[in-house]
Amino acid sequence: MALATGFENFTTPDAPLADRTWLRVGGTAKLLARPSNVDELIAVVARCREEGVSVRLLGGGSNVLVRDSGYDGVVVSLEDEAFHKVEIEGNRVRAGGGASLAKLINDTVRSGLAGLDPLVGIPGTVGAALHNNSGGRGGDIGQCAREATVLTRSGETLTRTRDDMVFAYRESSLDELVILEAEFELEPQDPDTLTKRMQKQWIVQKSTQPMTHQRAAQVFRNPRGMSAGMLIDQAGLKGAAVGGAEVSPKHANYIVAHDGASSDDIEKLIDKVRDSVAERMGVELERALEIW
């Protein structure tokens, strides 16, 4: 494959994607790239642009549904440690876009820095969290962000300062191809107090979600002032199923993929839920789950 020429040491053609997502369904990518540094990443993006091939970044896979037909383009995974660094100096923290959000939260809490702890239990990477402005009742990640280094789809590296970034409910202006690195400004607080507060939040959050061993993903954004899960529940859709896909009986805004489930089953169930909630509750749900 000409697309992979020169990149053979960190690319895989026709790479399965199912096991890289929480739902564990779907087909293959035309090419999977796992660069070991920023230069390799930039080179792959430049090649994609030259060849007119689409490229996507796959982080933790918690909010992605890959269709059974697969993705006819290049999928980039920042799984190398070069993209996972977390450095703390005073109340400032720099984190790689590929770093686990959970690691960032744990490291800052242990260092006695508050601000990111309300995000405990949210899956995925730092880059994805910034892109989606992930958050909970105690705040969102955008409130702490001071700077971000991004890679555009044209292969240009840029730095976005606080004045350049806009954060809103579950979205941000950081819509470039890759968020390479970000800097956060946090507040000093007693580590033991922070740890206890975080543990309580974790217990409460996990008690309402599907079991960790299940293949599940959250599907819809919460409409302003409302809960998507509650709307789906009130529409009588808990436990609704299409093929091997089921609306979680524990939290209605999650779909669980049972053995034998296909991407098509999940997509049909999503459409069924959205249509039913619109008809019965008069609310149009917006999908948070990305479908490739």
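Glu87 has Arg94 as its bridge partner in β7, and this pair belongs to the antiparallel pairing of β6 with strand β7 (residues 92-96), which runs over four bridges. Two strands count as paired if DSSP finds at least two bridges between them, while helices (H or I, at least four residues) and strands (E, at least two) are DSSP runs numbered from the N terminus. β6 and β7 form a hairpin with two residues between them, and Gly90 in the turn has a positive phi of about 65°.

The model is predicted, so that local features need pLDDT of at least 70 and side-chain atom pairs count only at pLDDT 80 or more, whereas totals for chains, interfaces and linings use all residues. Residues are numbered from 1 along each chain as its sequence is written, and side-chain values use heavy atoms, with hydrogens and water left out.

**The two sheets**

The hairpin strands belong to an open sheet of five strands, ordered β6-β7-β15-β11-β12 with antiparallel pairing. β6 (86-89) and β12 (157-161) stand at its edges with a single partner strand each, so one side of each has no neighbour in the sheet. From one strand to the next the twist averages 15°, where axes are lines fitted to C-alpha atoms, for helices over the stretch in contact, and angles run from 0 to 180 degrees between N-to-C directions. Helix α2 (residues 101-110) lies across β6, β7 and β15 (178-185), and runs at about 25° to β6.

An open sheet of four strands has the order β1-β2-β5-β3, and its pairing is mixed. Here the edges are taken by β1 (11-16) and β3 (55-57), each of which has a single partner strand, so one side of each is left without a neighbour in the sheet. The twist in this sheet averages 35° from one strand to the next. β1 pairs with strand β2 (residues 28-33) in the antiparallel sense over five bridges, and Thr12 has Leu32 as its bridge partner in β2.

**Nonpolar cores**

A nonpolar core is a set of buried Ala, Val, Leu, Ile, Met, Phe, Trp, Tyr and Cys residues joined through side-chain atoms within 4.5 Å; buried means under 20% relative accessible area, exposed over 50%, and partly exposed in between, with a 1.4 Å probe and protein chains only. The largest such core has 31 residues, and those with the most contacts inside it are Leu101, Leu104, Leu116, Leu130, Ile141, Leu174 and Phe184. At least two residues of this core come from each of β7, α2, β8 (113-114), α3 (126-132), β11 (145-151), β15 and α4 (191-206), with α2 giving the most, four residues. Apart from this core lies another, of 28 residues, among them Leu23, Val242, Ile255 and Leu289.

Contact means heavy atoms within 4.5 Å. Leaving aside neighbours within four places in sequence, Leu104 is in contact with Val86, Val93, Ala95, Leu116, Val126 and Phe184. Leu231, found in helix α5 (residues 228-234), counts as buried because its relative accessibility is 7%. Not counting residues up to four places away in sequence, Leu231 touches Pro223, Met226, Val277, Met281, Val283 and Leu285. Leu231 and Phe10 are 221 residues apart in sequence and 45 Å apart in space, C-alpha to C-alpha.

**Residues with positive phi**

Most residues other than glycine have a negative phi. The table gives two non-glycine residues with a positive value.

| Residue | Phi | Place | Relative accessible area |
|---|---|---|---|
| Asp14 | about 50° | strand β1 | 55%, exposed |
| Asn133 | about 45° | loop between α3 and β9 (135-136) | 1%, buried |

**The chain as a whole**

The chain has six helices and 21 strands. Its radius of gyration is 20 Å, close to the 19 Å that the globule rule gives for 292 residues, so the chain is as compact as a globular protein of that length; the radius is taken over C-alpha atoms, and the rule is 2.2 Å times the number of residues to the power 0.38. The C-alpha trace spans about 55 × 50 × 30 Å along its principal axes. Of the 292 residues, 49% count as buried, and among contacts between residues at least 6 apart in sequence, 64% join residues at least 24 apart. The chain exposes about 13,900 Å², of which carbon and sulfur atoms supply 46%, by the Shrake-Rupley method with a 1.4 Å probe.
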